[in-house]
There are 2 protein chains.
Amino acid sequence: MLGKDYEAQDCSLARALGVVGERWTLLIIRDAFYGVRRFNDFQAHLDIPRAVLSDRLSGLVEAGILDRRPDPASRRTHVYELTAAGRELWPALYALLVWGDRHRHRTSRTYQHAACGTPLDEHGCCPHCALTPGPEDILTVPRRGRGKARSDPVAVALRRPHRLLEPLDV
Amino acid sequence: MLGKDYEAQDCSLARALGVVGERWTLLIIRDAFYGVRRFNDFQAHLDIPRAVLSDRLSGLVEAGILDRRPDPASRRTHVYELTAAGRELWPALYALLVWGDRHRHRTSRTYQHAACGTPLDEHGCCPHCALTPGPEDILTVPRRGRGKARSDPVAVALRRPHRLLEPLDV
DNA sequence: ACGTCAAGTCCAATCATTGAACTGGACGGT
DNA sequence: ACCGTCCAGTTCAATGATTGGACTTGACGT
């Protein structure tokens with residue numbers, strides 16, 4: 001995806017960025033963790049040109065990070081879902097998110113251990129249970145108060161607490 | 001750095017990527033952790049066009065991730081060094097590196113707790129001492145064996161074990 | 001005064017991204 | 001069977017970013 005310069009390096013960071021380091025890609029993956037699964041939902045939530053979204057999604061499928069299948073519920077839609085390899089990107093995503101939260105812009109949502117409701121610490125660890133839940137055990141809940149409110153269906157669905165990886169109903 | 005689309009979002013991940021998500025940027029930061037400090041050393045190690053490197057370095061300085069000062073040792077060079085905010089990117093970098101190592105390409109180097117020499121686990125934690133060392137306490141050591149050997153001075157200096165953040169002598 | 005070196009800048013060619021309009025298959029209603 | 005709609009793209013011209021190479025500027029060192 002990112003050309004030879006990245007792939008040529010004998011460095012696993014460069015290789016990771018070769019797949020995940022293009023513009024938009026990590027935001028698409030974030031949305032996939034939020035439970036977004038359809039082309040039009042990614043498009044509306046990210047405000048990304050359709051051509052780029054199409055390109056990125058097929059790149060991610062080819063890289064084994066997303067899986068594309070026909071939607072069992074309707075034969076005219078497809079769903080994109082994180083593969084096991086994709087789900088293992090959670091720690092990297094969370095670490096960037098924590099950094100952004102501290103150094104750029106306080107997020108409007110928290111991430112809590114679904115089992116006990118305790119907010120995760122900066123390592124993604126639940127201080128109450130002393131374990132590091134995987135994304136499937138994390139609940140993301142919007143902070144109440146000042147939200148400059150996007151109005152696309154995904155943003156609306158995310159106004160209530162939501163367990164990561166669980167399909168959003170939009 | 002990455003335009004309005006990223007900055008506009010009320011999401012700390014998007015904001016982080018706004019600063020750190022451009023092409024080359026995370027590799028520059030990786031090199032800064034390795035102890036690279038001079039323009040020409042970044043350039044030679046990354047094979048990046050000088051114009052782009054110049055652009056990225058000033059962006060990172062402006063974003064408060066790198067600090068640019070005259071080299072105390074010579075009045076014709078400058079050094080770029082990670083600020084405290086920059087050093088806090090280590091967990092995110094390490095998480096991506098671990099993912100790349102597992103899913104893309106086994107790295108040619110390990111990361112060990114400098115105090116005891118134990119390789120860090122996937123969370124960046126030292127299993128022997130049961131703590132998570134900061135980058136200043138991490139030793140990176142090249143795996144021996146098949147290395148397709150770059151020959152620039154930085155790559156050569158990194159052929160021996162090196163403590164992160166410590167200036168490389170190139 | 002001369003050549004060298006570090007750290008850039010400048011430029012034309014190439015490549016990627018954008019936004020808007022278009023396509024084509026699948027429904028759903030009548 | 002026909003019509004309008006919706007999803008998931010593709011196509012295209014305009015704009016913006018990246019590239020590699022040549023050029024510039026300000027210190028040195030001799």
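A residue counts as near a strand of DNA if its C-beta atom, placed from the backbone, lies within 6 Å of that strand. Keep that cut-off in mind as we walk through this structure, which is a predicted model.

Let's start with the DNA. By that cut-off, 20 residues surround DNA strand C, and the closest are Pro49(A), Arg75(A), Ala51(B), Ser54(B) and Thr77(B). Two or more residues of this surface come from each of helix 5 (50-62) of chain A, helix 4 (39-46) of chain B and helix 5 (50-62) of chain B. Sorted by class, the surface near DNA strand C holds six nonpolar, five polar and nine charged residues.

Now turn to DNA strand D. Of the 20 residues around it, Phe39(A), Ala51(A), Thr77(A), Pro49(B) and Arg75(B) come nearest. Here helix 4 (39-46) and helix 5 of chain A, along with helix 5 of chain B, each supply at least two residues. The surface near DNA strand D divides into six nonpolar, five polar and nine charged residues.

How are the two protein chains related? A turn of 180° with a shift of 0.0 Å along the axis lays chain B on chain A with an RMSD of 0.0 Å. The two copies are therefore related as by a two-fold rotation axis. To find that axis in chain B, look for Ala92(B), whose C-alpha is the nearest to it at 2.7 Å.

Next comes the interface between the chains. In all, 37 residues of chain B are in contact with 37 residues of chain A. On the chain B side, helix 2, helix 3 and helix 7 (90-103) are the elements that give two or more residues. Helix 7 of chain B gives the most, with ten residues. By class, this side of chain B has 18 nonpolar, nine polar and ten charged residues. The copies meet through the same surface, because 100% of the interface residues of chain B are also interface residues in chain A.

Ala92 is worth a second look, this time in chain A. Not counting residues up to four places away in sequence, Ala92(A) touches Ala92(B), Ala95(B), Leu96(B) and Trp99(B). The largest nonpolar core has 84 residues, and those touching the most other members are Ala92(A), Leu93(A), Leu96(A), Ala92(B), Leu93(B) and Leu96(B). As a general point, nonpolar side chains in soluble globular proteins tend to be buried together.

Helix 2 (residues 12-20) of chain B is also worth following. Nine of its nine residues are buried, so this helix is largely enclosed by the rest of the structure. Among the buried residues are Ser12(B), Arg15(B) and Gly18(B), as well as Leu13(B) and Val19(B). Their cover includes helix 3 (25-34) and helix 7 (90-103) of chain A, together with helix 1 (4-8) and helix 3 (25-34) of chain B.

Chain B also has an open sheet of three strands in the order 3-4-5, with antiparallel pairing. Strand 3 (109-113) and strand 5 (162-163) stand at the edges with a single partner strand each, so one side of each has no neighbour in the sheet. Two bridges join strand 4 (residues 138-142) of chain B to strand 5. Leu139(B) stands opposite Arg163(B) in strand 5.

Finally, go to helix 8 (residues 153-157) of chain A, where you will find Val156(A). Val156(A) is partly exposed, with 14 other C-beta atoms within 10 Å. Measuring C-alpha to C-alpha, Val156(A) and Ala115(A) are 24 Å apart in space and 41 residues apart in sequence.

Conventions: Residues numbered from 1 in each chain as written. Chains lettered and ligands numbered in written order. Predicted model: local features only at pLDDT ≥ 70, side-chain atom pairs only at ≥ 80, totals over all residues. Helix = DSSP H or I, 4+ residues; strand = E, 2+ residues; numbered from the N terminus. Buried ≥ 20, exposed ≤ 12 C-beta atoms within 10 Å, placed from the backbone. Least-squares fit on C-alpha atoms with pLDDT ≥ 70 in both. Contact = placed C-beta atoms within 7 Å. Core = buried A, V, L, I, M, F, W, Y, C linked by C-beta atoms within 7 Å. Nonpolar A, V, L, I, M, F, W, Y, C, P; charged D, E, K, R; others polar. Pairing = 2+ DSSP bridges.
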